[in-house]
Amino acid sequence: MADYGLLHSIRPLWTILCIFLFIPVNGLAIKRRTPGRVVLDQPDITVNGKSYTATGTLDRQIVDFLTKHRYSGCTVGVGKQDGTLLYTQGYGKTQDGARLQSSSLLPASSISKLLTAIGVLKLVEEGRLTLSDFVFGNGALLGHLTPFPSNKAADQRLFDIRVIHLLHHTSGLRGYVTDLNDVKLMRGHKVQNITDEMHLGKPLTIGDVIRYSCGQPLVSDPGREFAYSNLGYDILGEIIAQRSGVAYEEFITRAVLEPLGMWKTTTLSGAAGNMVDGGPVDISTSSIYRSSLGWHSTVHDLIRLMNGIQGQEGGKILSPGSLQALMAPPASPVSEHRDQWYGIGVHVGNDGSWWQVGDHHTNEVLLYQSGNRNIDSSGERQKWVVLLPENRHRNLRNDFVKIFRTVVDWPSSHDPIGDCADAYFDNCGDHYLLNTRVPVNHFRAFITSMSQANFTPTWIDVHQGVDGPLVSSIWHNSNASSSENNIVEVNLTSDALRKRADELLSQRIHLQFIAPYFDGRHYKFIAVFGDTASGFQKVGWETTEDIYDKSSKFFTEELSLVPTVKAIHSEGERKIVSFIFDRTNTTSWKMFDEVPVENVRSLTLAMAKEGRTMVYAKSYDFLDEVYFSTIFANVHKSGMQLDFEIDQGSLIERSRIMQGKNFRPQLITGYSEGNGTTKFLILWTRVGVTP
């Protein structure tokens with residue numbers, strides 16, 4: 001006879017066990033994989049980039065750390081005090097399943113505050129504000145943002161807040177309600193709804209947040225207490241916009257990112273938010289929190305940032321006085337009797353270390369410059385960057401200090417610009433790099449990163465991408481010394497190009513190459529100037545076909561010049577031409593400027609039979625069809641190969657094959673097909689054949 005009493009007594013336990021076995025916990029599915037054993041459904045963490053014998057132990061430790069603490073992956077960058085990049089790597093995946101590479105773009109969280117802090121210090125260096133300037137009130141930096149509901153109702157201590165208080169998180173502003181107000185409401189926090197309180201009837205803006213915050217009582221006198229505040233840095237973003245006269249993002253790009261070569265770092269709008277605490281949060285793409293939490297970056301770019309702040313011979317981006325202010329402790333009593341403090345945009349230790357970590361509402365990040373107590377086995381200070389897609393609320397600084405202490409050796413040759421290349425060609429000390437995906441508004445920063453590695457451009461092309469114009473470029477670095485002096489200018493209007501060309505001509509630096517593009521409102525130019533041209537050139541831009549034809553006849557027949565550039569864009573049924581004629585060694589050339597895609601191969605073969613090879617090609621759209629403007633000359637008799645209709649997905653593999661055959665890229669031009677897919681025409685030249 002069954003013992004129903006015993007069965008009844010164990011039923012609750014059995015129910016709980018069933019629930020435990022099959023119901024997800026904290027967003028992670030849990031399932032039984034083997035009888036009697038329950039394991040987390042966590043994917044294996046992979047090492048996604050090139051690994052080395054020297055870093056094998058490090059890779060294993062990071063994989064173990066990620067697995068143990070249930071991270072989906074991370075990216076890591078390590079550098080030396082002198083700026084040398086030691087190692088970068090990507091591990092695992094994002095929460096959307098994308099493999100993480102060292103070049104992967106991830107939210108930078110509170111590292112955004114460091115960019116904002118540097119922006120403020122640059123304005124101080126330029127004399128546009130001081131750290132002691134008052135922020136609110138009549139005649140103050142943000143005097144136009146009156147407290148809600150009125151100046152009279154505001155805590156009068158508000159008008160004592162200075163810029164330095166915002167930078168040090170000592171303003172006394174009440175942040176709980178206003179910091180991430182929309183995010184907290186979405187998460188169910190019981191805070192006031194600023195939009196309702198102010199009867200806005202429109203989406204919340206940073207100006208609204210600031211005005212509402214100014215109407216709240218301060219929690220302390222300005223300068224008396226430290227209280228971490230995203231709000232303070234959101235206010236600083238508004239100060240930067242007001243005092244610079246341009247949008248906050250534009251100023252940071254021009255003043256910080258471009259000089260340091262941080263070409264991938266950007267703010268995003270409308271992208272999917274981070275998955276934090278099991279729910280989607282769009283903090284990093286909100287226009288309200290750009291200056292506190294809004295920047296996205298890569299470990300390569302953040303190593304560049306750290307090198308720019310404090311390298312072997314000092315910083316590149318800040319004056320000595322600004323660097324000292326960045327690291328200095330807040331005034332007494334905030335920093336009394338402490339061995340670490342919050343400087344300006346970074347935490348600072350009394351051993352010379354400094355770091356920044358992520359906000360607890362976003363993903364976790366670590367930017368860390370070691371001090372005298374944390375040096376590697378050779379006695380050198382190091383810098384580390386770690387970006388993770390999620391937040392497990394770890395003390396990453398302690399975790400990774402322990403991990404990196406175990407590394408006794410690093411790879412002898414790690415590519416310092418691995419994030420810049422779609423394809424890299426190394427032929428007996430001659431290096432070429434190909435990139436096809438730089439947004440034109442990031443190209444200045446890209447130029448900086450390439451010049452820092454002693455690369456010079458040999459070809460530049462602009463094609464229209466889905467989200468705007470993209471630059472394809474070929475760069476060369478040779479171990480041999482070179483006297484070539486290249487200057488690359490971006491986003492030039494026609495008038496600006498003319499002015500710049502005249503300025504450089506007085507220095508005997510001539511226009512070598514121009515690439516026109518449409519930025520959505522105006523036609524602009526990328527221009528390459530150098531001192532290797534003949535000095536006897538004829539150039540023009542935005543001319544009509546009729547003017548070009550008449551000029552061309554005179555330049556070639558009367559002056560014996562040769563066309564080297566003929567770029568075409570169209571306005572309706574009208575073609576607009578930009579050109580360069582120069583004196584070269586070419587004795588035989590032909591130009592074709594309305595070549596359909598399907599005729600490129602046959603034309604190239606026909607020219608080859610006449611002893612001419614392609615030396616210039618530029619795609620353009622005319623009446624909804626794709627055409628090519630081409631120039632062929634007798635500069636080669638062999639050693640060339642033409643590819644066209646190469647898509648982005650096959651470009652890297654094709655490059656690998658061509659390098660194996662001892663070829664490198666000579667020119668490239670991108671074009672869009674009717675379905676929006678970008679294709680490329682690429683001319684390859686065999687290494688060892690002189691152009």
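Which residues have the most contacts inside the largest nonpolar core? In this predicted model, they are Phe 136, Ile 235, Ile 239, Leu 305, Ile 309 and Leu 326. The core they belong to has 77 residues. Helix 3, which covers residues 111-125, gives this core its largest share, with eight residues. There's also another core, lying apart from that one. This other core is made of 69 residues, and among them you'll find Ile 526, Phe 632, Phe 644 and Trp 684.

Let's stay with helix 3 for a moment. Its axis comes within 10 Å of the axis of helix 9 (residues 248-260), and the two cross at roughly 80°. An angle from 65 to 115 degrees counts as roughly perpendicular, so that is how helix 3 and helix 9 sit relative to each other. On the helix 3 side, the contact is made by Ser 112, Leu 115, Thr 116, Ile 118, Gly 119, Lys 122 and Leu 123. Helix 9 brings Tyr 248, Phe 251, Ile 252, Ala 255, Val 256 and Leu 257. Sort the residues of this contact by class and you get nine nonpolar, three polar and one charged.

How far can you trust what you see? The mean pLDDT of the protein is 86, and 86% of its residues reach 70 or more. Over residues 1-40, though, the pLDDT is below 50, and this stretch has 24 contacts in the model beyond near neighbours in sequence. Residues 270-281 also stay under 50, with 29 contacts beyond four places in sequence. Where pLDDT is low, the predicted coordinates shouldn't be read in detail.

Methods: Residues numbered from 1 in each chain as written. Predicted model: local features only at pLDDT ≥ 70, side-chain atom pairs only at ≥ 80, totals over all residues. Heavy atoms only, no water. pLDDT = per-residue confidence, 0-100. Contact = heavy atoms within 4.5 Å. Core = buried A, V, L, I, M, F, W, Y, C linked by side-chain atoms within 4.5 Å. Buried < 20%, exposed > 50% of the residue type's maximum accessible area, 1.4 Å probe, protein only. Helix = DSSP H or I, 4+ residues; strand = E, 2+ residues; numbered from the N terminus. Axes fitted to C-alpha atoms, helices over the stretch in contact; angles between N-to-C directions. Parallel < 35°, antiparallel > 145°, perpendicular 65-115°, else oblique. Nonpolar A, V, L, I, M, F, W, Y, C, P; charged D, E, K, R; others polar.
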